[in-house]
Amino acid sequence: MGYPDTFAGFAVESAEKWNQPKYREYKPRPFEDRDVDIQVIACGVCGSDVHTVTSGWGACPYPLIVGHEIVGYVKRVGDKCVTGLKVGQRVGVGAQAWACLECRQCKNDNEVYCPHMRDTYGSEYPDGSIMQGGYSSHVRIHEYFVFAIPDALKTELVAPMLCAGATAFSPLNRNGCGPGKRVGIVGIGGIGHFGILFAKALGAEVFAISRSDKKKEDAIKLGADGFIATQDKDWNKEHSMTFDLIVNCANSTKDFDLSAYMSLLDVNGRFINVGLPEGDGFKVEPFKMLGNGAVFGFSHIASRPEIIKMLDLAAEKGIESWVETLPVGEKGCGEALSRCYANDVRYRFTLTDYDKAFPN
Ligand SMILES: [Zn+2]
Ligand SMILES: [Zn+2]
């Protein structure tokens with residue numbers, strides 16, 4: 001068997017074996033008239049993949065093939081597709097694969113907040129099948145969640161933009177990042193490195209905010225104008241009430257003094273979280289936080305118009321993700337998951353060499 005009857009991929013079978021994915025063939029869900037089939041050529045490795053396969057975020061529907069930073073070529077386009085995708089075209093898919101496209105949120109270009117949204121992997125499809133991600137030979141996705149990739153962007157570098165990049169871009173786009181604004185990016189990792197790249201590209205003055213000085217050189221290379229190490233004594237005092245926007249990309253709330261971060265904000269400044277740490281979350285201290293009338297909020301991936309805007313910006317400004325490539329396969333996927341878990345990557349893995357793992 002093989003395409004179009006079966007797809008193949010590298011599936012995690014249990015929480016205990018989270019970093020030992022195994023080759024597996026599976027039957028894709030039925031093809032619908034607005035679906036697109038994509039032959040995958042690369043896929044980024046997201047922190048979500050690790051949180052999911054380890055069951056860190058809760059129950060995982062094993063066996064599961066993860067991966068939601070997918071790049072590939074269109075193989076088949078449904079009869080009722082309207083977005084103009086063509087067979088052979090290079091496209092990308094991010095962390096969302098479905099929304100109702102009819103509710104209030106969907107009609108306002110907020111399909112990413114649709115109450116019926118489905119993730120690219122791990123969600124149940126109406127026929128009862130579980131959606132599988134991009135550590136796979138092929139994916140079948142509703143066209144609304146498939147994006148044409150501008151020619152200027154290299155496959156292995158654009159893949160991580162589809163989730164990590166989009167996640168960093170949306171809060172900048174929605175909260176006024178631009179010339180004349182001072183923007184802080186907390187946590188220099190997969191998402192945070194995009195935060196610096198995109199905030200700079202949008203014209204803001206950008207500060208990287210990290211625990212220690214270890215990533216200072218990287219932050220400056222990425223384009224940061226300033227760097228703050230939070231392990232320094234009174235680190236927040238000097239910058240008190242000077243920031244317009246802070247995007248928190250850190251994936252841990254351990255020893256996280258939220259009040260100190262909020263004190264950096266100018267009046268009505270915004271502190272927006274995009275990381276989803278496991279564990280207890282933030283401690284809110286009203287008396288310490290009311291002095292600047294600041295706003296504490298959240299942001300979830302990005303809408304279709306935002307992803308298109310981000311890809312165009314990246315192409316126009318020549319923005320390049322920092323990527324290490326690994327060949328897709330049992331070994332490569334396992335290594336990527338293990339090293340991602342250990343934070344041993346600067347700053348993203350992209351799985352490549354799909355033609356060798358899936359010859360047909
Ligand atoms: Zn992701
Ligand atoms: Zn909806």
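Is glutamate 306 buried or exposed? In this predicted model, glutamate 306 has a relative accessible area of 5% and therefore counts as buried, the cut-off for that class being under 20%. The side chain of glutamate 306 nevertheless has a charged partner, for it meets the side chain of arginine 174 in a salt bridge, with N to O at 3.0 Å. This pair links distant parts of the chain: glutamate 306 belongs to helix H9 and arginine 174 to helix H4, and 132 residues separate them. Arginine 174 has a relative accessibility of 35%, so it counts as partly exposed.

Helix H9 itself deserves a closer look. It comprises the 14 residues 304-317. At 1.5 Å a residue these should span 20 Å, and because the C-alpha atoms at the two ends are 20 Å apart, the expected and modelled lengths agree. The buried residues of H9 are Arg304, Glu306, Ile307, Met310, Leu311, Leu313 and Ala314. An α-helix has 3.6 residues a turn, so residues three or four places apart point the same way. Against the buried residues of H9 pack strand S9 (147-148) and the helices H3 (155-158), H4 (164-174) and H5 (190-201). Helix H4, one of these packing partners, is also the element that holds arginine 174. Just after H9, glycine 318 adopts a positive phi of about 65°.

The metal sites come next. The zinc ion (ligand 2) is coordinated by the SG atoms of Cys100, Cys103, Cys106 and Cys114, at 2.3 to 2.4 Å. Along the chain, these donors follow the spacing C-x2-C-x2-C-x7-C. The angles among the four donor atoms run from 105 to 116°, and the site of the zinc ion (ligand 2) is tetrahedral. Two of the coordinating cysteines can be described further. Cysteine 106 counts as buried because its relative accessibility is 7%, and cysteine 114, with a relative accessible area of 3%, is buried as well.

Which residues coordinate the zinc ion (ligand 1)? Here the donors are Cys46 (SG), His68 (NE2) and Cys163 (SG), at 1.9 to 2.2 Å. Their spacing along the chain is C-x21-H-x94-C. Within this site, histidine 68 and cysteine 163 link distant parts of the chain, 95 residues apart: histidine 68 sits in the loop between helix H1 (47-53) and strand S4 (70-77), whereas cysteine 163 sits in the loop between H3 and H4. Both histidine 68 and cysteine 163 are buried.

The loop between H1 and S4, which contains histidine 68, also holds two backbone features. Proline 63 lies in this loop, and the peptide bond leading to it from tyrosine 62 is cis, with omega near -10°. Serine 55 is found in the loop between H1 and S4 too. Although it is not a glycine, serine 55 has a positive phi of about 65°. Its relative accessibility is 26%, so serine 55 counts as partly exposed. Another cis peptide bond joins tyrosine 3 to proline 4, with omega near 5°; proline 4 lies in the segment before strand S1 (7-11).

A positive phi also occurs at aspartate 234, where the angle is about 50° although the residue is not a glycine. Aspartate 234 is found in the loop between strand S12 (226-229) and strand S13 (243-248). The side chain of aspartate 234 meets that of lysine 233 in a salt bridge, at 3.5 Å from N to O. The two partners fall into separate accessibility classes: aspartate 234 is partly exposed because its relative accessibility is 43%, while lysine 233 counts as exposed at 74%.

The charged pairs may now be placed in a wider setting. How many salt bridges does a search of the whole structure find? The search finds 19. Among them is the pair formed by glutamate 285 and lysine 283, whose closest N and O atoms are 3.9 Å apart. Glutamate 285 has a relative accessibility of 19% and therefore counts as buried, whereas lysine 283, at 58%, counts as exposed. Elsewhere, salt bridges that share partners join Glu324, Glu335, Arg339 and Asp344 into one network.

Terms used:
Residues numbered from 1 in each chain as written. Chains lettered and ligands numbered in written order. Predicted model: local features only at pLDDT ≥ 70, side-chain atom pairs only at ≥ 80, totals over all residues. Heavy atoms only, no water. Donors = N, O, S within 2.8 Å, 3.2 Å for Na, K, Ca; no water. Tetrahedral: all angles 85-135°; square planar, octahedral: opposite > 155°, others 65-115°. Buried < 20%, exposed > 50% of the residue type's maximum accessible area, 1.4 Å probe, protein only. Helix = DSSP H or I, 4+ residues; strand = E, 2+ residues; numbered from the N terminus. Expected span 1.5 Å × (residues − 1). Contact = heavy atoms within 4.5 Å. Salt bridge = Lys/Arg side-chain N within 4 Å of Asp/Glu carboxyl O.
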